[in-house]
Amino acid sequence: MPASALPRSEEGCLDWLRLIRSRRVGPATFIRLIRQFGSARGALDALPAIAAESGVRDYAPASRSEVEAEWRAAEAAGAAPLLLGGPGYPALLATIADPPPFLWAMGSEALCGQRSVALVGARNASALGCRMAARLATDLGGMGFAVVSGLARGIDAAAHRAALPTGTIAVQAGGVDVVYPAENGGLAASIAESGLRLSEMPIGHAPRPQDFPRRNRIVSGLAEGIVVVEGALRSGSLITARNALDQGREVMAVPGSPMDPRAGGCNALIRDGATLVRDAADVAEALAAAGGTALPDLPPTREEAPVAAPEGSGNRLLDLLGAAPVAEDLLIRELGCPAAALAAALIDLELAGLVQRHPGGLVSRVPG
């Protein structure tokens with residue numbers, strides 16, 4: 001993100017919020033628009049024309065009154081903004097393919113600069129699984145790691161509770177002021193006091209099923225590595241593990257009985273090459289072997305000149321896309337076009353509602 005694009009006033013922050021809250025503008029499109037037009041204000045001014053060129057009539061960005069109301073609600077809830085590329089934004093999270101441009105933070109923002117490990121697992125966790133998660137969280141906290149999880153019941157809650165004295169980060173699928181499940185209300189309040197709660201969603205937003213995979217990419221993106229304590233073969237925990245692999249993070253898992261379905265995902269991860277974890281020392285050893293002794297420096301950004309999409313690239317791109325998500329790199333090779341040209345074409349198609357982005361830099365065609 002160009003440093004010159006960062007807002008230097010509340011007015012500029014509101015422009016950032018308007019852009020990311022605008023219809024059909026996701027994280028990847030937000031970043032490309034900022035790079036192309038130099039600022040959120042410039043992107044907002046250009047959006048209606050871009051949408052019109054893509055066949056979308058009467059397109060309007062998010063309203064100023066809407067984001068002002070969200071800003072006031074955030075202040076009332078005690079939440080503060082973290083902007084991609086700005087002070088306090090988590091350095092590791094900024095390196096993933098689709099980092100959230102705007103986060104609401106509630107609690108100790110200093111935890112964003114601490115080394116961290118994600119602990120995730122089953123909601124219907126066994127007593128032994130919760131005990132293991134708590135032990136790992138306690139010991140990792142003693143080693144100086146913050147523990148990241150998703151504030152769900154089961155493994156997540158056990159990890160958060162055990163890490164409260166040393167530092168824990170809860171990433172929420174809904175608004176940072178909306179606790180889900182409600183039974184974790186007391187835990188969430190404790191995290192806001194001594195830990196940190198984060199969300200990219202609007203204040204007051206009730207989580208929907210499609211919000212949890214988005215949250216999961218942030219959980220893994222914040223951490224140097226992820227440990228799956230319990231997880232079925234088809235579970236959100238394995239989605240988070242796949243995100244971690246795509247993001248270049250170390251993936252670890254606690255083995256379990258082959259007779260317990262809750263251990264199926266963990267055992268499969270280990271079979272496929274994930275590090276087997278018996279205790280916190282195994283986690284620290286795996287991170288050291290992977291070279292995770294310090295947070296990496298962010299690569300320097302450079303100003304990019306706007307690049308127009310080639311004539312007819314949208315139709316050719318749609319022909320290549322199907323319901324199954326594919327990587328943008330593959331599309332670049334197939335089309336034989338520059339990455340910036342593909343980005344411009346994708347923005348047009350996304351604003352037209354014809355393509356959908358997925359975590360890990362993947363894109364698919366919207367059915368219909």
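Two strands pair if DSSP finds at least two bridges between them. Keep that in mind as you walk through this predicted model, starting in the sheet.

**Stop 1: the sheet**

Select the strands. They form an open sheet of nine, with mixed pairing and the order β1-β2-β6-β5-β4-β3-β7-β8-β9. At the edges stand β1 and β9 (275-276), each with a single partner strand, so one side of each has no neighbour in the sheet.

**Stop 2: strand β2 and its neighbours**

Now pick residues 102-107, which make up strand β2. Is this strand mostly covered or mostly uncovered? It is mostly covered, with five of its six residues buried.

Add strand β1 (residues 80-83): β1 and β2 pair in the antiparallel sense over four bridges. To see a facing pair, label Ala 80 and Ala 105, since Ala 80 stands opposite Ala 105 in β2.

Then bring in strand β6 (residues 196-199), which pairs with β2, again in the antiparallel sense and over four bridges. Here, Gly 107 has Leu 196 of β6 as its bridge partner.

**Stop 3: a parallel pair**

Move along to strand β3 (residues 116-120) and strand β7 (residues 225-228). These two pair in the parallel sense over four bridges. Label Val 120 and you will find Val 228 of β7 opposite.

**Stop 4: helices across the sheet**

Show helix α4 (residues 64-77), which lies across β1 and β2 and runs at about 20° to β2. Next, show helix α8 (residues 211-222). Which strands does α8 lie across? They are β2, β3, β4 (146-149), β5 (168-171) and β6, and the helix runs at about 155° to β5.

**Stop 5: α1 against α3**

Select helix α1 (residues 10-21) and helix α3 (residues 40-53). Their axes are 8 Å apart, and the helices pack at an angle of about 40°, which makes α1 oblique to α3. The crossing is left-handed. Show side chains for the contact: α1 brings Glu 11, Asp 15, Trp 16, Arg 18 and Leu 19, while α3 brings Ala 40, Arg 41, Ala 43, Leu 44 and Leu 47. By class, this contact has six nonpolar, no polar and four charged residues.

**Stop 6: α13 against α14**

Finish with helix α13 (residues 328-335) and helix α14 (residues 339-351). Their axes come within 10 Å and cross at roughly 110°, so α13 is roughly perpendicular to α14. Glu 328, Leu 331, Ile 332 and Leu 335 of α13 meet Ala 339, Leu 342 and Leu 346 of α14. Colour this contact by class and you get six nonpolar, no polar and one charged residue.

Methods:
Residues are numbered from 1 along each chain as its sequence is written. This is a predicted model: local features need pLDDT of at least 70, side-chain atom pairs count only at pLDDT 80 or more; totals for chains, interfaces and linings use all residues. Side-chain values use heavy atoms; hydrogens and water are left out. Axes are lines fitted to C-alpha atoms, for helices over the stretch in contact, and angles run from 0 to 180 degrees between N-to-C directions. Angles under 35 degrees count as roughly parallel, over 145 as roughly antiparallel, 65 to 115 as roughly perpendicular and the rest as oblique. Contact means heavy atoms within 4.5 Å. Ala, Val, Leu, Ile, Met, Phe, Trp, Tyr, Cys and Pro count as nonpolar, Asp, Glu, Lys and Arg as charged, and the others, Gly among them, as polar. Buried means under 20% relative accessible area, exposed over 50%, partly exposed in between (1.4 Å probe, protein chains only). A crossing is left-handed if the near helix is turned anticlockwise from the far one by less than a right angle, and right-handed if clockwise.
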